[in-house]
Each structure stands twice: as C-alpha cells, then as structure tokens.
Amino acid sequence: MYNKKLQVSSEVVAKAARDALERRGVTLKDIAEIVYEMQYAYNDGLSLDHCIESVDKVLHKREIQHAILVGIELDELAEKKLLSAPLQQLVESDEGLFGVDETIALGSVFTYGSIAVTTFGHLDKQKIGIIQQLDTKAGDGVHTFLDDLVGSIAASAASRLAHRIRDLEEQGKSIKDIDPNGTSIV
C-alpha cells in the first residue's frame, strides 16, 4: 500500500535522475546530438539547441526519471558485484537474451507514442552516438541499462519534436520560428 509519509517530491526525483546521468558521463548534449541526427533531415532550421530543449522537457517526465533511477542503480550495483547470481552475470555481461533493460527503456517511451517506439527500436539496433560508446562494454563500466535508457530519452525527445513541428506547420510556422533557448516565437 502507498505510504504518503514516504512521498518524494518531483524536484528531488528529477534532480536525482539528472545527477545519475551526469555521474555516468551522459550529458543532455550527448543525447541531443542523437535527436538532431534523427531529425535534421526532416526539419529545415532545426538546431542542436532545439534538441537540447526537447531532451530537457523529456527528462521532466516521471516515467523517464523512474526508469533512469532503476536502470542506473542496477548498472552500478553490477559494477560493485552486489547483485545476486545469476542476475549479476546477466547484467554484467549484458546477456543477449536478457531483455529487461530494453523492457524498462521501452516502457518509458510509450508516453511519446508510436513514433518514439519505432525510433527506440531503430536506436537499439543502430547504436547512434553515445549509445555506441556505452554499448561497447569497454573498461570496467556496466552500461547494460544505460545505453537503452539513453536511446529511450533520445527517441522520446525526437518524437516530442516531431509532434511539436507538426503543430507549428498547422499554424503556418516552422521550427525556424522557435527560439531554441526558450519557447517563444522568434
């Protein structure tokens, strides 16, 4: 049963999720670069700043924050060898048939619709940008969950942008009309 006395404020959860990404070496810009690569061909005037703003907005969603906190915690516990067997080996090796990492990441993209889901699938296969670096398993770091979480954030931000740009088109505007450092029309 839910215990309201243990309730955590949204600001605390949001900060913890952002801090966890930063602690793992992932910046908003890293994720935004993936979004830009996915969207620039379709959107004349799209800037990296537009993509950073979209990533930032996606990180305000609780589903995303919760997925980040759970996934990164499991990666870090695996690095410290604190998971029980055989889960330790499954996470540490990023076992190919272990799909829980994709399941958690995929669950968080549902908030942004079918475009986000298909984009996540593409990113999971193509390993664009920092996703590739995280997936290489180089060094001692475990990124079994993190690479998929970055993909889910990027897919969600790309979908958010696509929907926003469509809304602008219906108003006779384009992304060029949006100040990338804010939400006002240029």
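**Entry 1: Glu79**

I began with Glu79 and asked how far it is covered: with a relative accessible area of 30%, Glu79 is partly exposed, where buried means under 20% relative accessible area, exposed means over 50%, and partly exposed lies in between, all with a 1.4 Å probe and protein chains only. I note at once that this is a predicted model, in which local features need pLDDT of at least 70 and side-chain atom pairs count only at pLDDT 80 or more, while totals for chains, interfaces and linings use all residues. Residues are numbered from 1 along each chain as its sequence is written, and side-chain values use heavy atoms, with hydrogens and water left out.

I placed Glu79 in helix α4, helices being DSSP runs of H or I of at least four residues and strands runs of E of at least two, both numbered from the N terminus. Leaving aside neighbours within four places in sequence, I found Glu79 in contact with Arg24, Asp140, Gly141 and Val142, contact meaning heavy atoms within 4.5 Å. For Val142 I also looked up the C-alpha separation from Glu79, which is 5.8 Å although the two are 63 residues apart along the chain.

**Entry 2: the whole protein**

I counted nine helices and zero strands, which read along the sequence as α-α-α-α-α-α-α-α-α. The radius of gyration is 17 Å, close to the 16 Å that the globule rule gives for 186 residues, so the protein is as compact as a globular protein of that length; the radius is taken over C-alpha atoms, and the rule is 2.2 Å times the number of residues to the power 0.38. Along the principal axes, the C-alpha atoms fill a box of roughly 60 × 40 × 25 Å. I found that 41% of the 186 residues are buried, and that, among contacts between residues at least 6 apart in sequence, 69% join residues at least 24 apart.

**Entry 3: the core**

Which residues touch the most other members of the largest nonpolar core? Of its 47 residues, they are Ile34, Ile68, Val150 and Ile153, a nonpolar core being a set of buried Ala, Val, Leu, Ile, Met, Phe, Trp, Tyr and Cys residues joined through side-chain atoms within 4.5 Å. The elements that give two or more residues to this core are α1 (10-23), α2 (28-39), α3 (48-58), α4 (62-79), α6 (100-109), α7 (113-126), α8 (130-135) and α9 (146-170), and α9 gives the most, with 11 residues. I followed Val150 further and, beyond its neighbours within four places, found it in contact with Val26, Ile31, Ile34, Ile130, Ile131 and Leu134.

**Entry 4: helix α1 and Gly25**

I checked the length of α1 against expectation: its 14 residues should span 20 Å at 1.5 Å a residue, and its end C-alpha atoms are 20 Å apart, which agrees; the expected span is 1.5 Å times one less than the number of residues. The buried residues of α1 are Val13, Ala14, Ala17, Ala20 and Leu21. They cover an arc of only 130 degrees around the axis, which puts them on the same side of α1, the arc being that of the directions from the helix axis to the C-beta atoms. On the other side of α1 I noted the exposed residues Glu11, Lys15, Glu22 and Arg23, while α4 and α9 are among what covers the buried residues.

After α1 comes Gly25, whose phi is positive, near 85 degrees, and which lies in the loop between α1 and α2. At 46% relative accessibility, Gly25 counts as partly exposed, and its contacts beyond four places in sequence are Asp30 and Ile130.

**Entry 5: helix α7 and Thr119**

I found that α7 also has 14 residues and reaches 20 Å from its first C-alpha to its last, close to the 20 Å expected. Its buried residues are Ala116, Thr119, Phe120, Leu123 and Asp124. Seen down the axis of α7, these fall within an arc of 140 degrees, so they line one face of the helix. The face turned away from that buried side carries the exposed residues Ser114, Thr118 and Lys125, and the cover over the buried residues includes α2, α6, α8 and α9.

Thr119, at 11% relative accessibility, counts as buried, and beyond its neighbours within four places it is in contact with Met38 and Ala155. Last, I noted that Lys127, just after α7, takes a positive phi of about 55 degrees.
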